[in-house]
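Subject: Structure handover and what was found in it

Dear colleague,

I am passing on the structure we spoke about, and below it you will find a description of what was found. Please keep the view open while you read, and look up each residue as it is named.

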Amino acid sequence: MRGLPPLQALLLLIVLAVLSFAGSHYIGMNEAQSQPRPLPNASAEGHTVEAEIEFIFSSPPVSFTLTQPSVTGGEDTILLQTSDPQENPSYETVELVSHQPTTYWLDVVWPEDAIQGAHHFVQIYISPNHGARQEFSFFSTAKGMNETFEYSNGDHHHE
């Protein structure tokens, strides 16, 4: 009787492995029969929403750039490129991809590294014409900051 529970456990593991393989194969077959999905951002070309972006910096930067990286291996799209911004906070209006989450790159350069024990920071408030307002915050001790964030205006209907 003592050897039976380990044997039952082994048999249960084998049955679960076979069922999970069969289940994943079945699910994979259903995906293959469905319509192919477009590449990210491929269907969103031409679907943009205007948005106001507010940048609040811990101290005035030398420059900042907001880029939408290419998903197809082509040129990245520079949405904003500002040298020596005169205002803090800084307000800009850009066209952002709508209907799906999209990756953006933010590059900020300050005149020097943050003093010891302190950080440079930037807060970003994105307010689209259609969709929910979102906020992002990034911190750095170095004078150069390179951050990636994913934004979606929350408007996921298809036209």
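Before we turn to the strands, one term has to be clear: a residue is called buried when its relative accessible area is under 20%, exposed when that area is over 50%, and partly exposed in between. Please also keep in mind that this is a predicted model, and that the values below are computed from it.

With that term in hand, strand S2, which covers residues 63-68, is mostly covered, since six of its six residues are buried. Ser 63, Thr 65 and Thr 67 point one way from S2, while Phe 64, Leu 66 and Gln 68 point the other way, and the residues of both groups are buried.

What lies on either side of this strand? S2 is joined by six bridges to strand S3 (residues 77-83), and the two run antiparallel; one example is Ser 63, whose bridge partner in S3 is Ser 83. S2 is also joined by five bridges to strand S5 (residues 102-109), again in an antiparallel arrangement. In S5, Asp 107 is the bridge partner of Thr 65, and Trp 105 is the bridge partner of Thr 67.

These strands belong to an open sheet of four, in the order S3-S2-S5-S8, with antiparallel pairing. S3 and S8 stand at the edges and have a single partner strand each, so one side of each is left without a neighbour in the sheet. On average, and ignoring direction, neighbouring strands of this sheet are turned by 15 degrees against each other. As general background, the strands of a sheet pair through backbone hydrogen bonds, either parallel or antiparallel.

Stepping back to the whole chain, you will find one helix and eight strands, and from the N terminus on the elements run α-β-β-β-β-β-β-β-β. The protein chain has 159 residues, of which 30% count as buried. Its accessible surface comes to about 10,700 Å², and 56% of this belongs to carbon and sulfur atoms. Among the contacts with a separation of 6 or more, 65% are between residues that are 24 or more positions apart.

The aromatic residues deserve a look of their own, and the structure holds eight aromatic pairs. One of them is formed by Phe 55 and Phe 64, which are tilted, at 4.7 Å centre to centre and with 45 degrees between the planes; both Phe 55 and Phe 64 are buried. Another joins Phe 136 and Phe 149, whose ring centres are 4.5 Å apart and whose planes stand at 40 degrees, so this pair is tilted as well. Phe 136 lies in strand S7 (residues 134-140) and Phe 149 in strand S8 (residues 144-151), so the pair ties together parts that are 13 residues apart in sequence. Phe 136 and Phe 149 are both buried. In addition, Phe 55, Phe 57, Phe 64 and Trp 110 form one aromatic cluster.

Three single residues are also worth finding in the view.

Val 109 lies in strand S5 and is partly exposed, because its relative accessible area is 33%, a value that falls between the limits of 20% and 50%. Leaving aside its neighbours within four places in sequence, Val 109 is in contact with Pro 61, Val 62, Ser 63 and Lys 143. Val 109 and Pro 61 are 48 residues apart in sequence, and yet they are 5.7 Å apart in space, C-alpha to C-alpha.

His 120 lies in strand S6 (residues 120-128) and is buried, because its relative accessible area is 7%, which is under the limit of 20%. The side chain of His 120 reaches the backbone nitrogen of Ala 114 at 3.3 Å.

Pro 89, finally, lies in the loop between S3 and strand S4 (90-97), and the peptide bond that joins Asn 88 and Pro 89 is cis, with omega at about 10 degrees.

With best wishes

Note on methods. Residues numbered from 1 in each chain as written. Predicted model: local features only at pLDDT ≥ 70, side-chain atom pairs only at ≥ 80, totals over all residues. Heavy atoms only, no water. Buried < 20%, exposed > 50% of the residue type's maximum accessible area, 1.4 Å probe, protein only. Contact = heavy atoms within 4.5 Å. Areas by Shrake-Rupley, 256 points an atom, 1.4 Å probe, with all protein chains shown as cover. Phe/Tyr/Trp six-rings, centres within 6.5 Å; stacked < 30°, edge-to-face > 60°. Polar contact = N/O pair within 3.5 Å; in protein donor to acceptor, adjacent residues only side chain to side chain. Pairing = 2+ DSSP bridges. Axes fitted to C-alpha atoms, helices over the stretch in contact; angles between N-to-C directions.
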